[in-house]
Amino acid sequence: MALDLLRVKLALSLGSFRLDLAFEVRPGETVALVGPSGSGKSTCIAAVAGLLLPDSGRVSLGDEMWCDTDTGTDLPPRKRHVGFVHQDYALFPHLTVRGNVTYGARARGEGRAVSLSKANEWIERLGIVELADRPVRELSGGQRQRVALARALASGARVLLLDEPFGSLDASTRAAVRSELRTFLADVRLPAVFVTHDATDALMLAERISVLEDGRLSQTGTSEELLARPQTRFVADLFGLNYYRAVLAPGRGLREARVGSVVFHLMTDHDGSVALAFPPSAVTLSSDRPTGSAQNSFRGHVREILPLPDRIRVVLDCGVTMAADVVREAAVTLDLDPGRTLWGSVKATAIQVYP
Amino acid sequence: MGHPAARRGGIRPFGILSILLPLYVAVPLITLLLVTTPRSLVEQLASDMALRALVLTLETTVVATVLCVVLGTPLAYVLSRHDFRGRDLVDTLIDLPITIPPVVAGVALLLAFGRRGLLGRYLDLAGVQIPFTTLAVVMAQVFIASPFYVKAARAGFDSVDATLEKVAGTLGASPWRVFWTVSVPLARPALIAGTVLAWARSLSEFGATMMFAGNLPGRTQTLTLAVMSAMESNLETAVAISVLSLVLALAALLVAKRLAATRSLWI
């Protein structure tokens, strides 16, 4: 199996919607395309698979040109060797698991015996041997996903494209299937692109995350980069970060920045228009005015209380909207209740400041 | 799921009224069986007239049905999968033979393919004469029966998720292969049901055949035409052929229903 770089550059219009982006995926790398519904992420991978033709752009894998609107190159999907895993897996309902997995090799003109041995190899690798002769309608969501992956790879896929791979799973199986998929993707060493609207999916699965907003990539980076320095409000919201914009007068070291009706104290050497970002976990809540070393303390009232699996997120209205995470026990000691007045404090050094 | 109230009490006048129509259909059909005896049935069906009509009917309806399938399947697929200018027009045109009187269809066929017809005059020059031949019987049947197949096949293709076809393409299948390995197997129950319906409609064809092919024993006299001829000479023969037609139609319906039901296996 050749390990090649996938390059994508696309522009296309669908009605008033315009998609315009470029990205690369290295062999063995998993990239998440994250965006709200209608941001064009599924359209994007459909164009990579050859299911639709962009108005302009280029798609190539290694030195093989799949699509180049300048030269009029447009390989049909069947010649691109992409493993396209659809949101609801799109298994052939009239075939067994083995029939599904054998389909690709047969379609590519392999003989019955060769196709079958290829299929069996992937059936084994994905741990679905005991399902092989079952009709696909009897399978669970997680099993379906494995069959879809086996089917894609047995067809000789050199790139994996996954459209909302967990979209049709319920919450209880989602985590298990996700970690299964992560192990598997690391194992097959193919360039992989998956589309999701879920930040957790992206953080758990992807080495690199590309955020798509209104048909454009607003930010691309590792999860650490995105979590530390979100470039747009949407990216910050996606990962639940506190994010503000401010204008700084020239200076160095500890500085003041006005955001709305409050003033933040920051450690930075940047000037001019900057972004401030910090995670909710950097905010400490207290009932009384804090006496600790935090330079930023804001008094506000509780607007929202959101229970998360391992903690509680409190949204505080203190001139600006600020999210804070506290452990469950704190709910009692702080007497958490909507409308209650609390103090939120953040250390100046915990706030990322960047242009 | 019916409404619980309707299931328990029901609406009494509805119960009574809904018996009337089935009774109205059943009584004449049962009468048909009562006025004959098995012995008379066998005797009459062994008659030269009945046998020739039966053989001719089976031959022509099978050929007509095959033609409906061969010509109708690609059409149904195109109508289902492609949006093109004039699709509604083609759709309406294809449905038209269901609604126009078969006799009118027969006149139209005659005017088009008759010796002095629009196309017929050129065929005549080439030495080909269609009206009042067995070929005319088949043509009349295809004209009348094809909409039944095309409609069913199109509904069948419509019910096949286009995503499956796209995915098959990404797995390396050519459009031709996708059609045969995904679209047709998944639409199969509808295709077979449509085939049976088209066959049954060919079987009952009368008006268009009468006008376009005439009523020539051994050449164009199908079962329905034989019934009409027999009514003038021998009622017993007419009844026997009618019973035979009834049995064939019933068998076709049962097969179609059976196949329509297997669809649910694949969802």
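This passage walks through the architecture of a two-chain predicted model, from chain B to the sheets of chain A and the contact between the chains.

Because the model is predicted, local features are reported at pLDDT of at least 70 and side-chain atom pairs count only at pLDDT 80 or more, while totals for chains, interfaces and linings use all residues. Residues are numbered from 1 along each chain as its sequence is written, and chains are lettered from A and ligands numbered from 1 in the order in which they are written.

Chain B is a good place to start. Its secondary structure comes to 13 helices and zero strands, where helices (H or I, at least four residues) and strands (E, at least two) are DSSP runs numbered from the N terminus. Along its principal axes, the C-alpha trace of chain B spans about 70 × 65 × 30 Å. Of the 267 residues in chain B, 38% count as buried; a residue is buried if 20 or more other C-beta atoms, placed from the backbone, lie within 10 Å of its own, exposed if 12 or fewer do, and partly exposed in between. Among contacts in chain B between residues at least 6 apart in sequence, 77% join residues at least 24 apart, a contact being a pair whose C-beta atoms, placed from the backbone, lie within 7 Å.

Helix α8 of chain B, residues 134–158, deserves a closer look. Its 25 residues should span 36 Å at 1.5 Å a residue, and the end C-alpha atoms are 35 Å apart, which agrees; the expected span is 1.5 Å times one less than the number of residues. α8(B) bends by about 40 degrees at Ala145(B), with a proline, Pro147(B), following within four residues. The bend is the angle between axes fitted to the seven residues ending at a position and the seven starting there. Since 21 of the 25 residues of α8(B) are buried, the helix is largely enclosed by the rest of the structure.

Chain A brings in the strands. One open sheet has six of them, in the order β7-β8-β9-β3-β10-β11, with mixed pairing; two strands pair if DSSP finds at least two bridges between them. The edges are taken by β7 and β11 (216–221) of chain A, each with a single partner strand, so one side of each has no neighbour in the sheet. On average, neighbouring strands here are turned by 15 degrees against each other, direction ignored. Within this sheet, β3(A) (residues 30–34) and β10(A) (residues 208–213) run parallel and are joined by four bridges, and Ala32(A) stands opposite Ile209(A). Helix α4(A) (residues 141–154) lies across β7 and β8 (159–163) of chain A, at about 165 degrees to β7(A). Such angles run from 0 to 180 degrees between N-to-C directions, with axes as lines fitted to C-alpha atoms, for helices over the stretch in contact.

A second open sheet of chain A has five strands in the order β2-β1-β4-β5-β6, paired in the antiparallel sense. At its edges stand β2 (17–25) and β6 (73–74) of chain A, each with a single partner strand, so one side of each is left free of a neighbour in the sheet. Six bridges link β1(A) (residues 6–14) with β4(A) (residues 56–61), and Lys9(A) has Arg58(A) as its bridge partner. Helix α1(A) (residues 41–49) crosses β1, β2 and β4 of chain A, running at about 120 degrees to β1(A).

Two hairpins add detail to chain A. In one, β18(A) (residues 312–317) and β19(A) (residues 321–326) pair antiparallel over six bridges, with Arg313(A) partnered by Asp325(A). Three residues lie between these strands, and Gly319(A) takes a positive phi near 90 degrees. Five of the six residues of β19(A) are buried. In the other, β13(A) (residues 254–259) and β14(A) (residues 262–267) are also antiparallel, with six bridges, and Arg258(A) stands opposite Val263(A). Two residues separate these strands, and Gly260(A) has a positive phi near 60 degrees.

Finally, the contact between the chains takes 18 residues from chain A and 15 residues from chain B. On the chain A side, β7 (82–85) and α2 (97–107) each supply at least two residues, and α2(A) gives the largest share, three residues. The residues on this side divide into 11 nonpolar, four polar and three charged, counting Ala, Val, Leu, Ile, Met, Phe, Trp, Tyr, Cys and Pro as nonpolar, Asp, Glu, Lys and Arg as charged, and the others, Gly among them, as polar.
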